[in-house]
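User: Hi! Could you walk me through this one? I'd like to start with how the copies relate.

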There are 2 protein chains.
Amino acid sequence: MAGKTRLSPAIELDGVVHERVRLAILSALGSHGRLSFNELKALTDTTDGNLSTHCGKLESAGFIRAAKGLFGRRTRTSYEITTAGREALLSYLEQLEKIMGEVRGH
Amino acid sequence: MAGKTRLSPAIELDGVVHERVRLAILSALGSHGRLSFNELKALTDTTDGNLSTHCGKLESAGFIRAAKGLFGRRTRTSYEITTAGREALLSYLEQLEKIMGEVRGH
């Protein structure tokens, strides 16, 4: 019964990372390095507005950073994960492993 | 580059399961069997109203079921996971493993 009354590991998941679009952005940048706005859009299957909002939240948290560059006559925004973002992502994955351990009984 | 343009596994996470309080409820019921409303409240550290809302969503999805019983003069509600709920939880964990594999590169 002691195990039942501890706070669930799910509740301790970082809310900034946990939201699905933000988790998709962070895990993509964490594994692929720098990605353009349009590449992230394809990965997350969302609208420009929604993707911008989530990128903004991740930037505010210091987890990703944007770089704007001129390609011909068009500006292109690309993103990369920061050290703090990578640490947050790895802590999040460790927390997920606790949940898995809870459910699978090890 | 082909790997970059596929939909992120994070986007395909089941939204009913993914929300933190609901994930806490499902994983607790999946590992401990039947739990009372108050036990779930301690595990999720949330208000009665918020917990009720999330339990209601999980019931509507067919993932948990409630049983009310009289204990002395008080009614006590307890919950258990359904077969569909267990399947949804296990599929969710498999999806999490895809995300982990993406980030950790295996």
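Analyst: Happy to! Chain A can be laid on chain B with an RMSD of 0.0 Å by a turn of 180 degrees and a shift of 0.0 Å along the axis. The two copies are thus related as by a two-fold rotation axis. The superposition is by least squares on the C-alpha atoms of residues with pLDDT of at least 70 in both copies. This is a predicted model, where local features need pLDDT of at least 70 and side-chain atom pairs count only at pLDDT 80 or more, while totals for chains, interfaces and linings use all residues. Residues are numbered from 1 along each chain as its sequence is written, and chains are lettered from A and ligands numbered from 1 in the order in which they are written.

User: How many residues of chain A are in contact with chain B?

Analyst: 30 residues of chain A are in contact with 30 residues of chain B; contact means that the C-beta atoms, placed from the backbone, lie within 7 Å. On the chain A side, α1 (2–5), α3 (20–32), α4 (37–44) and α6 (83–104) each give two or more residues. Of these, α3(A) gives the most, with eight residues. Helices (H or I, at least four residues) and strands (E, at least two) are DSSP runs, numbered from the N terminus.

User: And why do the copies meet through the same surface?

Analyst: Because 100% of the interface residues of chain A are also interface residues in chain B.

User: What's the residue mix on the chain A side?

Analyst: That side has 16 nonpolar, nine polar and five charged residues. Ala, Val, Leu, Ile, Met, Phe, Trp, Tyr, Cys and Pro count as nonpolar, Asp, Glu, Lys and Arg as charged, and the others, Gly among them, as polar.

User: Switching topic: what order do the strands of chain A take in the sheet?

Analyst: The three strands form an open sheet in the order β1-β3-β2, with antiparallel pairing; two strands pair if DSSP finds at least two bridges between them. β1 (35–36) and β2 of chain A are the edge strands, each pairing on one side only. Helix α5 (residues 48–60) of chain A packs on the sheet, touching β2 and β3, and its direction makes about 120 degrees with that of β2(A). Axes are lines fitted to C-alpha atoms, for helices over the stretch in contact, and angles run from 0 to 180 degrees between N-to-C directions.

User: How many bridges link β2 and β3 of chain A?

Analyst: Eight, between residues 64–71 and 74–81. Leu70(A) stands opposite Thr75(A) there, and Gly72(A) in the hairpin takes a positive phi near 65 degrees.

Conventions
Two residues are in contact if their C-beta atoms, placed from the backbone, lie within 7 Å.
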